[in-house]
Amino acid sequence: KAAIKVTSIIKPLNAYISITNETAKKHAESSDSRQKDCSLLGKLDGIPIAIKDNYCTRSHPTTCASKMLSSFIPTYDATVYQNLKNVGAVLIGKTNLDEFAMGSGTIDSYYGPTKNLWNSDVFKKYYSCNSQAKEHIQQNTDAHSWHIAGGSSGGSAVAVATGSCYAAIGSDTGGSTRNPASYCGLVGLKPTYGLVSRYGLIPLVNSMDVPGILTRNIDDAVLILNNVAGPDGFDSTCFQKKYIPFDIPDTIDISNFRIGIPKEYKEKNLSLEVQECWDEVSQYLREGGASLSTVSLPHTNYSIMCYTVLNRCDVASNLACYDGMEYGHRSDEWSSVHNLYRKTRSEGFGKIVKERILVGNYFLLEENYEEYYVKAMKIRRLISDDFNTVWNNNIDLLLTPTTLTGAPKYNDFISMDNQTQCSVQDYCTQPANMAGIPAVNVPIKLSKNGLPLSLQLMGPPLKEKELLTVAKWIE
Ligand code: GLN
């Protein structure tokens, strides 16, 4: 009940597309009844969680923040949600995102943008939570003077940052979990590709999509990971091997860790504050006994370009099924089947989605395929090989910025087009998706104007335990 109350208080931030109300109450009550007998309790019994609205949830709307799916009610649950439900977690709502997870700000949603809690004024007043505070939030948000939450899992991030849920599930194709975690001061974990099932996650780029975990600290992220990871017969890209849950002790020795600082991540737009943060934490790790060295990932710069091609191709193909025939929005144009498709798609998709479909179909034309798609796949391999070279040279983990600055203001953010937004936002996060490796956002401190600043740790495939151990030490 408390969680549902908070979701309504934070309404002006627009973190949720829908809340589950009655179902949440029913689940919470059944959890209450299990409290009498500890042997019946699941590991997350009664714990409120939120899930990004691009995961299918049976009998509850799943919109992908698109008009196209605004009335879609799935008939099955995504495995991630099923796994959380199996251990007693209570879904309190589905969170906002950029339409079909295409973006890095949670500003291109059919349901309007999500606002960052860390707009210092709003933040302070939010916690006093009286009617005056609510009015203040309203005025501030209306004036567009707020900071973006990051994206595309911005709704999940704000849901956790406000305390309306214990943890939230996002998705991460190019940084969509780590980016909002960075801007909202949260832990944002992108697990190894294939460690957590994608079944029921509406795809963006199938070979890069990973369910992401947003929490307020590392231990919480480990707890959620332990309960969602593992093989799944519904997802052929999942590792078959049994997942072994782990814990991270409170006393951590980092003296055996060799940490690389990739020089290509010193991007020209990196803010002084984030650079300072990076230097301070590097120094701190050195003092803790870790050995640090500068390394090179020479193809980093090609990552966004290459992603842009691969993303558009997958988008063109994945979104071809929305034609108004089987499910989703259907236009009332009946003059011909072709016109019905055309009108359905032009009414149902937003501008960014349409642009990406058009560009993707261009890249996939017979005469362009080799020049774009095949070339991008080759570059992807080079990016991935860069990481392998570093691991083979005895580096355990990499420390980089997650985002180049603290959360931008909405007005500044929308002055850039979507492609420019992504190339700035995803610069540090995208390469990990190319290589399928695990990466985590670790919040570090607040900037001078009161916004969270964060760093990213990346590790070799399936080294979640090592990654999160060092992350917890930093935290
Ligand atoms: N910003 C990237 C895009 O728009 C990545 C989004 C994501 O990770 N879902 O495609």
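## The shell around the ligand

In this predicted model, the shell around the ligand is made up of nine polar, four nonpolar and two charged residues. The residues around the ligand number 15, and those that come nearest are Ala101, Ser104, Thr173, Gly174 and Ser176.

## The sheet

Strands of a sheet pair through backbone hydrogen bonds, in either a parallel or an antiparallel sense. Here, 11 strands form an open sheet with mixed pairing, and their order is β1-β3-β2-β4-β6-β5-β10-β11-β9-β7-β8. The edges are occupied by β1 (16–19) and β8 (291–295); each has a single partner strand, so one side of each is left without a neighbour in the sheet. On average, neighbouring strands of this sheet are turned by 30 degrees against each other, direction ignored.

One pairing within the sheet is that of strand β4 (residues 167–172) with strand β6 (residues 210–215): the two run antiparallel and are joined by five bridges. Aspartate 172 has valine 210 in β6 as its bridge partner.

## Strand β11 and its partners

Strand β11 is joined to β9 by four bridges, and these two strands run antiparallel. Leucine 398 stands opposite methionine 458 of β11. With β10, strand β11 also pairs in the antiparallel sense, over seven bridges, and leucine 446 stands opposite proline 452 of β11. The hairpin of β10 and β11 has five residues between the strands, and glycine 450 in this hairpin takes a positive phi near 80 degrees.

Is β11 buried or exposed? Seven of its seven residues are buried, so β11 is largely enclosed by the rest of the structure. In a regular strand, side chains alternate between the two faces of the sheet. In β11, Pro452, Ser454, Gln456 and Met458 point one way, while Leu453, Leu455 and Leu457 point the other way, and all are buried.

## Helices on the sheet

Helix α9 (residues 272–287) lies across β7 (258–262), β8, β9 (397–401), β10 (439–446) and β11 (452–458), and runs at about 55 degrees to β11. Helix α17 (residues 464–474) also packs on the sheet, where it touches β9, β10 and β11; the direction of α17 makes about 5 degrees with that of β10.

## Proline 48 in strand β2

Strand β2 (residues 48–52) contains proline 48. This proline is buried, because 26 other C-beta atoms lie within 10 Å, and 20 or more are required for a residue to count as buried.

Which residues does proline 48 touch, not counting those up to four places away in sequence? They are Ala3, Val90, Ile92, Cys165 and Tyr166. Of these contacts, alanine 3 is 45 residues apart from proline 48 along the chain, yet their C-alpha atoms are separated by 6.9 Å.

## Helix α15 and cysteine 422

In helix α15 (residues 418–425), the buried residues are Gln421, Cys422 and Gln425. They cover an arc of only 95 degrees around the axis, which means that they lie on the same side of α15. The buried residues of α15 pack against α7 (178–184), α10 (303–318) and α14 (410–413).

Cysteine 422, found in helix α15, counts as buried because it has 24 C-beta neighbours inside 10 Å. Not counting residues up to four places away in sequence, cysteine 422 touches Ser104 and Ile304. Ser104 is also one of the residues that come nearest to the ligand. Cysteine 422 and leucine 397 are 25 residues apart in sequence, and their C-alpha atoms are 25 Å apart in space.

Methods:
Residues numbered from 1 in each chain as written. Predicted model: local features only at pLDDT ≥ 70, side-chain atom pairs only at ≥ 80, totals over all residues. Near = placed C-beta within 6 Å. Nonpolar A, V, L, I, M, F, W, Y, C, P; charged D, E, K, R; others polar. Pairing = 2+ DSSP bridges. Axes fitted to C-alpha atoms, helices over the stretch in contact; angles between N-to-C directions. Contact = placed C-beta atoms within 7 Å. Buried ≥ 20, exposed ≤ 12 C-beta atoms within 10 Å, placed from the backbone. Arc of directions from axis to C-beta.
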